[in-house]
Amino acid sequence: MINKKKYLLLLLVFIFIGNVYAKNISEEKHEVNSTWYFLKVSQKDLFGNSSKDTLRSLNTLYDQVKITVDNEKLAVNNFLLEEPQICFIDYIKINQTPLSHFYSQKTVNLYEVLFKEENIPLASNINILTASKPESECEAPYREIIQNDDYLVVIDKYHVIFFTKQSEQDNKVASKEYQFSDDFPTYCQDVNKGQIFDGSSKYECQYPNMSILETYGRIKEIINDGQYMNKYLPNENTSYSVQDIKVTYQWMARNRLKMIIDQGAEKTTYLFEEKMNNTKLVITVDTGY
């Protein structure tokens with residue numbers, strides 16, 4: 001009789017645990033219902049190395065990736081491709097610690113350093129989004145997508161690729177800027193990287209061994225606004241209009257130039273400052289959003 005009671009008690013315990021586990025999995029699966037857009041590639045890889053060619057390749061590859069998580073479905077699309085859909089699966093969401101996911105404390109330490117350098121801490125608990133059935137899993141690197149607090153993450157060539165959740169319109173404004181050419185990350189840093197887009201963007205650039213004239217020529221070649229810039233750098237204050245866009249050049253000193261490109265809903269200010277034949281450039285973008 002005692003054994004029978006023990007058996008029934010154990011059976012109830014297992015049923016309770018099973019129900020709690022199933023409930024947690026179900027709640028986790030339905031917690032995320034959103035669209036995520038490419039934010040950035042880590043400047044260094046897991047081992048502290050950085051290659052312009054690798055960064056150029058990864059930024060190009062992921063720039064137009066969108067990850068949609070809706071109910072029990074997960075979709076990855078890359079609009080750089082002729083056939084955008086990379087995968088469309090039923091998924092589950094598994095809660096883990098970084099150690100249980102990466103298996104090694106040494107590896108966790110390396111990722112903690114890498115995330116910190118990108119101003120995004122590695123969370124103490126992460127979620128893994130993966131196929132509910134192994135036979136339908138996405139191809140690498142989307143086989144296991146990591147949710148790290150407010151970011152989705154995939155790992156490619158030991159670099160961390162960050163995705164952020166935002167609306168279609170916010171993404172359009174945040175990424176419009178600056179479809180800069182491939183060498184932009186070499187000279188410039190996004191001051192607001194990792195922060196929620198609030199209608200303003202700021203970049204600081206350093207051009208060693210370049211005068212204002214040389215920096216102006218380089219910038220004209222690599223930004224969308226270059227089409228509105230004067231072919232030759234004016235040596236005096238001036239302004240003109242291109243259709244409804246107003247362009248202003250203001251020399252604040254012999255070594256300081258402010259250039260403003262005002263498109264109404266968006267105004268971009270370029271502040272050049274030359275010192276000892278090195279030029280610092282600060283780019284500020286203000287939008288109406």
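This is a short tour of a predicted model, with stops to select in your viewer.

**The whole chain**

Start with everything shown as a cartoon. The chain has 289 residues, and 38% of them count as buried. Colour by secondary structure and you should find seven helices and 15 strands. Among contacts with a separation of 6 or more, 54% join residues 24 or more positions apart.

**The disulfide**

Next, select C87 and C138 and show them as sticks. Their sulfur atoms sit 2.1 Å apart, and the two residues form a disulfide. A disulfide is a covalent bond between the sulfur atoms of two cysteines. Searching the whole structure turns up one such bond. Look along the link of C87 and C138: the angle about the S-S bond is 75°, and the link is right-handed.

Which parts of the chain does this pair tie together? C87 belongs to strand 4 (residues 85–96), while C138 is in the loop between strand 5 (126–131) and strand 6 (145–148), so the bond connects parts that are 51 residues apart in sequence.

Now turn on the surface. Are the two cysteines buried or exposed? Buried means under 20% relative accessible area. C87 has 8% relative accessibility, so C87 counts as buried. C138, at 3%, counts as buried too.

**Helix 2 and its cover**

Move on to residues 52–62, which make up helix 2, and highlight L55, L58 and Y62: these are the buried residues of the helix. Turn the view to look down the axis. The three span an arc of only 70° around the axis, which places them on the same side of helix 2. The spacing helps explain this: an α-helix has 3.6 residues a turn, so residues three or four places apart point the same way.

What covers those buried residues of helix 2? Add strand 1 (34–41), strand 2 (65–70), strand 7 and strand 8 (159–165), which are included in the cover.

**The second largest pocket**

For the last stop, keep strand 7 (151–156) in view and add helix 3 (98–102); each of them supplies at least two residues of the lining of the second largest pocket. Strand 7 gives the largest share, three residues. To see the full lining, select H101, F102, A140, P141, R143, E144, I146, V153, V154 and I155. Colour these by chemical type, and the lining divides into seven nonpolar residues, one polar and two charged. The pocket has a volume of about 210 Å³.

Terms used: Residues numbered from 1 in each chain as written. Predicted model: local features only at pLDDT ≥ 70, side-chain atom pairs only at ≥ 80, totals over all residues. Heavy atoms only, no water. 1 Å grid on protein atoms, 1.4 Å probe; cavity = no way out; pocket = protein on both sides within 12 Å on 5 of 7 lines; lining within 4 Å. Points joined across faces, edges and corners; volume = space filled by probe spheres on them. Helix = DSSP H or I, 4+ residues; strand = E, 2+ residues; numbered from the N terminus. Nonpolar A, V, L, I, M, F, W, Y, C, P; charged D, E, K, R; others polar. Disulfide = S-S within 2.5 Å. Buried < 20%, exposed > 50% of the residue type's maximum accessible area, 1.4 Å probe, protein only. Arc of directions from axis to C-beta. Contact = heavy atoms within 4.5 Å.
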